[in-house]
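Hi,

Here is the structure I said I would pass on. Have a look at it first, and my notes follow underneath.

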Amino acid sequence: MARPVWTGVLGFGLVSLPIGLYTATDSHTIRFHQLQRGTADRIRNRRVNERTGDEVDLADIVKGYDTGSEYVIVEPQELDEIAPGRSRSIDVVGFVDLDTVDPVFFDKTYFLGPRGAQYGKVYALLERALAESNKAGIATFVMRGREYLVALKVEEAEGLLTIHTLHWADELRDPHAEVPDLPGKVEATAAEVKMAMQLIDALAMEWEPESFHDTFREKVEALVKAKAAGETVEKAEPPAEPTGAVDLMEALRASVERARSPKDTGEKAASPGARAAGGKKAPAAKKRARSGPAAKGRELMALTKAELYEKAAAAGIPGRSSMNHDQLADALAHTGRDRRKA
C-alpha cells in the first residue's frame, strides 16, 4: 500500500474532508551513471564549501536568501511557522468550468483519497457533484516549503478525485516573445484547408492511451543489450525534410493517400466511418483491384521502417541493417517478385 506524500484536510464551504495525496505517475526513464571515460569509475556529486573545499553534512546546510549585500538565513521550521494552517489544509476558494482551464496550466497529478472509511460518503458526494457539474475546484496549499495553486477534479472512469498542481499565471511565458517566426495571419487556400481536413479525417482515431508506449526507452534498452553482447543495432532514419510552401499541396495529397492505404496485402484500411461502424472490410471487388505488383509496392511504402525491417528479417534479406526505408521496401518488393518467378 502506497503511503501518502501529504495529509491534511480538504475544505469546501463548511464541509471538511480529511484526505491524503498519493503520487499518480511513475517515470520509467532509463538512468545512467556518470563514469570517467576509459574507466568504470563512478563520478559523484558532493556538497562542498566553496571557500574551504570541505564536504558539508546535509544537517549543517540551511537556506540563505541573497539580498545583494548579505545572506538572510532561514531555518526549515521557520517556513512551517509562518503558515501552519496552510501546510495542513487545502481550502477550495471556488469552482470553475473545467473546460475553461487551459491545459498549459496543468503540471503534476496526485490521487486524492479519504483518510478513513468513515469519510467515504463526503468523498463520494463531492466526486459525483463535480462529475455532474463538469466543474473543478480551485485551491492553494503549502507542501514541502512551497505554495501550490491546484485544481480539484474528478476522473469519472475511475470514480476518483484528483489534485492537479497548476502553474501560476506569471510562470507562463509569452509565446509571441519566446517563439520566433510565428506565421501570424498567413492565409491558406480553400483547397489546402480542405485537403488538410481530409488528412485529419483519414488519421482520426479513438484516444486509447494504453496503446502507446515509450519506444525510445525500448530502443535504448536494445542498444545497451546489443553493446553488452558485442552486436550492432539498426540505425534510425534521418528526420524528414521540411515541407516547403511550393509543394505543400502535393505533400498533403500524398499524406492523405498514404493514410488511406492498406497496411497488409489485400486488406483495405478502414476509414474513420468504417471503424465507427465496426470496422467492416472493403468489398471483395476492391480488394482484387488493389492486388498486384503496383499495389504491393504502395503497401510496402506505407509501412514504417520498423515494420519493413521486421519483414526483411523474416525474409532473410542480407544487408538490411544498413538500409533506409525505401531500400527496405524495394528489397522486399523484389523478394516477392523473385519468389513468384521461381
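Before the hairpins come up, a word on terms: two strands count as paired if DSSP finds at least two bridges between them. Please also keep in mind that this is a predicted model.

The overall picture first. The chain has 342 residues, and 22% of them count as buried. It contains 11 helices and nine strands. If you look at contacts between residues at least 6 apart in sequence, 59% of them join residues at least 24 apart. The accessible surface is about 25,300 Å², with 54% of that belonging to carbon and sulfur atoms.

Now the barrel. Seven strands close up in the order S1-S2-S6-S9-S8-S7-S5, with mixed pairing. From one strand to the next, the twist averages 40°.

S1 (residues 6-12) is a good place to start reading the barrel. On one side, S1 pairs with S5 (residues 89-97) in the parallel sense, over three bridges. Gly-11 has Asp-91 in S5 as its bridge partner. On the other side, S1 runs antiparallel to S2 (residues 15-23), and seven bridges join the two. Thr-7 sits opposite Gly-20 of S2 there. The hairpin of S1 and S2 has two residues between the strands, and Gly-13 in that hairpin takes a positive phi near 65°. S2 then passes the pairing on to S6 (residues 106-114), again antiparallel, with five bridges. In that pair, Ile-19 stands opposite Pro-114 of S6.

There is another hairpin, made by S3 (residues 63-66) and S4 (residues 71-74), which pair antiparallel over four bridges. Tyr-65 has Val-72 in S4 as its bridge partner. Four residues lie between these strands, and Gly-68 has a positive phi near 110° in this hairpin.

Back in the barrel, have a look at His-164, which is in S9 (residues 160-166). Is His-164 buried or exposed? His-164 has a relative accessible area of 9%, and the cut-off for buried is under 20%, so it counts as buried. Its side chain makes a polar contact with the side chain of Thr-162, at 3.0 Å. Beyond its neighbours within four places in sequence, the contacts of His-164 include Phe-106, Lys-108, Leu-149, Val-150 and Glu-155.

One backbone angle is worth checking by eye. Most residues other than glycine have a negative phi. Asn-134 is not a glycine, yet its phi is positive, at about 55°. Asn-134 is in the loop between H2 (120-133) and S7 (135-143). With a relative accessibility of 34%, Asn-134 counts as partly exposed.

On to the helices, where two glutamates caught my eye.

Glu-192 lies in H4 (residues 190-202). Glu-192 is buried, because its relative accessible area is 17% and the limit is under 20%. The side chain of Glu-192 reaches the backbone nitrogen of Thr-189 at 3.0 Å. Which residues does Glu-192 touch, not counting those up to four places away in sequence? They are Leu-248, Met-249 and Leu-252. Of these, Met-249 is 57 residues away from Glu-192 in sequence but 6.1 Å away in space, C-alpha to C-alpha.

Glu-299 is the other one, and its place is in H9 (residues 293-302). Glu-299 is buried too, with a relative accessible area of 6%. Between Glu-299 and Ala-333 there are 9.9 Å in space, C-alpha to C-alpha, and the two are 34 residues apart in sequence.

Last, H5 (residues 215-228). This helix has 14 residues and reaches 20 Å from its first C-alpha to its last, close to the 20 Å expected at 1.5 Å a residue. Asp-214 caps the N-terminal end of H5, with a side-chain oxygen 3.3 Å from the backbone nitrogen of Phe-216. After H5 comes Gly-230, which has a positive phi near 75°.

That is what I have for now.

Cheers

Conventions
Residues are numbered from 1 along each chain as its sequence is written. This is a predicted model: local features need pLDDT of at least 70, side-chain atom pairs count only at pLDDT 80 or more; totals for chains, interfaces and linings use all residues. Side-chain values use heavy atoms; hydrogens and water are left out. The expected span of a helix is 1.5 Å times one less than its number of residues. A polar contact is a pair of N or O atoms within 3.5 Å; within protein, one must be able to donate a hydrogen and the other to accept it, and residues adjacent in sequence count only if both atoms are side-chain atoms. Buried means under 20% relative accessible area, exposed over 50%, partly exposed in between (1.4 Å probe, protein chains only). Contact means heavy atoms within 4.5 Å. Accessible areas come from the Shrake-Rupley method with a 1.4 Å probe; for residues, only the protein chains shown count as cover. Axes are lines fitted to C-alpha atoms, for helices over the stretch in contact, and angles run from 0 to 180 degrees between N-to-C directions.
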